[in-house]
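This report describes a single protein chain, from selected buried charges to its cores and salt bridges. The sequence and structure are shown first.

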Amino acid sequence: MINKVTRRKASHQVLAQLKAGIHDGTYPVGDKLPSENELADAFGVSRAPVREALGILEVGGIISSRQGGGHRVEQHSLLSKYEPLVMEVASRSEVESLLEMREVMEQQAASMAAQRRSEQELQQIEQAFLAFRHTTLHDGQIGHQQDYLFHRAIMQASHNPFFVQILDNMHELYLGVLVYSLSRNLGRADERQRVVDEHERVWLAIKAGDAAAAAGSMQHHLSNVRGKLRRLEQEGKA
């Protein structure tokens with residue numbers, strides 16, 4: 001069922017509903033999507049936001065253009081839910097606000113984890129780090145899922161359930177940022193190593209029970225993420 005969009009950015013809402021329809025089978029793989037005019041009428045918007053949303057889905061490989069007009073749903077993996085599609089329609093202020101929240105929340109979580117973690121939680125953080133390191137340096141993959149699990153394990157070790165709940169509530173956007181950032185490291189061994197080293201410093205500080213070092217290492221890591229995304233944005237405008 002298609003709902004009329006509200007005053008929020010129209011293309012963002014159109015994209016969200018199209019993605020949901022594709023993933024729940026409303027628009028099955030191999031089927032042709034409704035025309036731009038039909039979608040615009042159904043959503044109650046002009047063709048411009050529909051065209052923008054379709055373009056983003058096409059870039060992500062979820063749909064393809066058909067000769068003679070129209071779009072077809074392509075075979076896609078579950079990863080397509082978390083590719084940086086949301087980054088293409090999220091406003092700069094939304095992304096900046098997310099990263100600000102991450103710095104504040106995750107610094108505190110790392111500090112608390114260093115003081116509160118159990119031996120089992122410490123092992124979970126270590127396993128998540130080792131999986132991220134192996135995926136990133138040896139498998140040549142993006143490593144976004146392993147990165148996510150590393151940060152989540154730290155929040156669990158903080159023993160503050162609200163940290164984990166907040167993270168899970170923004171799961172898709174969080175993963176979108178991770179994919180957007182980490183995918184730019186593919187083919188750049190120095191950058192991949194740098195990110196791994198930053199994660200290792202966080203892990204070692206938590207293992208040592210050094211709350212200040214854990215918070216500082218996490219702040220340094222997330223500050224670098226913010227700086228990198230700003231540079232990517234500037235390069236995209238150049």
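## A buried lysine

Leaving aside residues up to four places away in sequence, Lys 228 touches Ser 181, Arg 184, Asn 185 and Glu 191. The model is a predicted one. Within it, Lys 228 is found in helix H11, a helix that spans residues 211-237.

Lys 228 is buried and yet has no salt bridge. The nearest side chain of opposite charge is that of Glu 191, 4.4 Å away. Because a salt bridge requires the side-chain nitrogen to lie within 4 Å of a carboxyl oxygen, the separation of 4.4 Å between Lys 228 and Glu 191 does not qualify. Glu 191 is nevertheless one of the residues that Lys 228 touches.

## A buried glutamate

Glu 121 belongs to helix H6, which comprises residues 119-137. Glu 121 is likewise buried without a salt bridge, and its nearest side chain of opposite charge, Arg 117, is 7.6 Å away. What does the side chain of Glu 121 make a polar contact with? The partner is the side chain of His 159, at 2.8 Å. With residues up to four places away in sequence not counted, Glu 121 touches Arg 116, Gln 156, Ala 157 and His 159.

Arg 117 itself is buried, with a relative accessible area of 17%. Arg 117 meets the side chain of Glu 119 in a salt bridge, at 3.8 Å from N to O. Glu 119, at 53% relative accessibility, counts as exposed.

## Overall architecture

The chain has 11 helices and two strands. From the N terminus on, the order of elements is α-α-α-β-β-α-α-α-α-α-α-α-α.

Of the 238 residues of the chain, 47% count as buried. The accessible surface comes to about 12000 Å², and 49% of this surface belongs to carbon and sulfur atoms. Among contacts between residues at least 6 apart in sequence, 72% join residues at least 24 apart.

## Nonpolar cores

In soluble globular proteins, nonpolar side chains tend to be buried together. In this model, the largest nonpolar core has 45 residues. The residues with the most contacts inside this core are Ile 125, Phe 150, Ile 154, Met 155, Ile 206 and Leu 229. Two or more residues each are given to the core by helices H5 (92-116), H6, H7 (144-157), H8 (161-169), H9 (171-182), H10 (189-208) and H11 (211-237). Helix H5 provides the largest share, nine residues.

Ile 154 touches Ala 109, Ala 110, Ala 113, Ile 125, Val 202, Ile 206 and Met 218, not counting residues up to four places away in sequence. A second, separate core has 18 residues, among them Leu 39, Val 45, Val 50 and Val 73.

## A buried alanine in helix H10

Ala 205 lies in helix H10 and is buried, with a relative accessible area of 7%. Ala 205 and Ala 114 are 91 residues apart in sequence, yet their C-alpha atoms are 7.0 Å apart in space.

Ala 114 is also one of the residues that Ala 205 touches. The others are Asp 210, Ala 213 and Ala 214, with residues up to four places away in sequence not counted.

## Salt bridges

Side chains of opposite charge can pair when their charged atoms come close. The structure holds nine salt bridges. One of them joins Glu 36 to Arg 47, with the closest N and O atoms 2.9 Å apart. Glu 36 lies in helix H2 (residues 36-43) and Arg 47 in helix H3 (residues 47-59), so this pair ties together parts that are 11 residues apart in sequence.

Glu 36 also meets the side chain of Arg 51 in a salt bridge, at 3.4 Å from N to O. Arg 51 lies in helix H3 and Glu 36 in helix H2, so the pair ties together parts that are 15 residues apart in sequence. Glu 36, Arg 47 and Arg 51 are thus linked in a network of salt bridges. Is the shared glutamate, Glu 36, buried or exposed? At 17% relative accessibility, Glu 36 counts as buried. Arg 47, at 38% relative accessibility, counts as partly exposed, and Arg 51, at 41%, also counts as partly exposed.

Definitions and conventions:
Residues are numbered from 1 along each chain as its sequence is written. This is a predicted model: local features need pLDDT of at least 70, side-chain atom pairs count only at pLDDT 80 or more; totals for chains, interfaces and linings use all residues. Side-chain values use heavy atoms; hydrogens and water are left out. Helices (H or I, at least four residues) and strands (E, at least two) are DSSP runs, numbered from the N terminus. Buried means under 20% relative accessible area, exposed over 50%, partly exposed in between (1.4 Å probe, protein chains only). Lys and Arg count as positive and Asp and Glu as negative; His and the chain ends are not counted. A polar contact is a pair of N or O atoms within 3.5 Å; within protein, one must be able to donate a hydrogen and the other to accept it, and residues adjacent in sequence count only if both atoms are side-chain atoms. Contact means heavy atoms within 4.5 Å. A nonpolar core is a set of buried Ala, Val, Leu, Ile, Met, Phe, Trp, Tyr and Cys residues joined through side-chain atoms within 4.5 Å. Accessible areas come from the Shrake-Rupley method with a 1.4 Å probe; for residues, only the protein chains shown count as cover.
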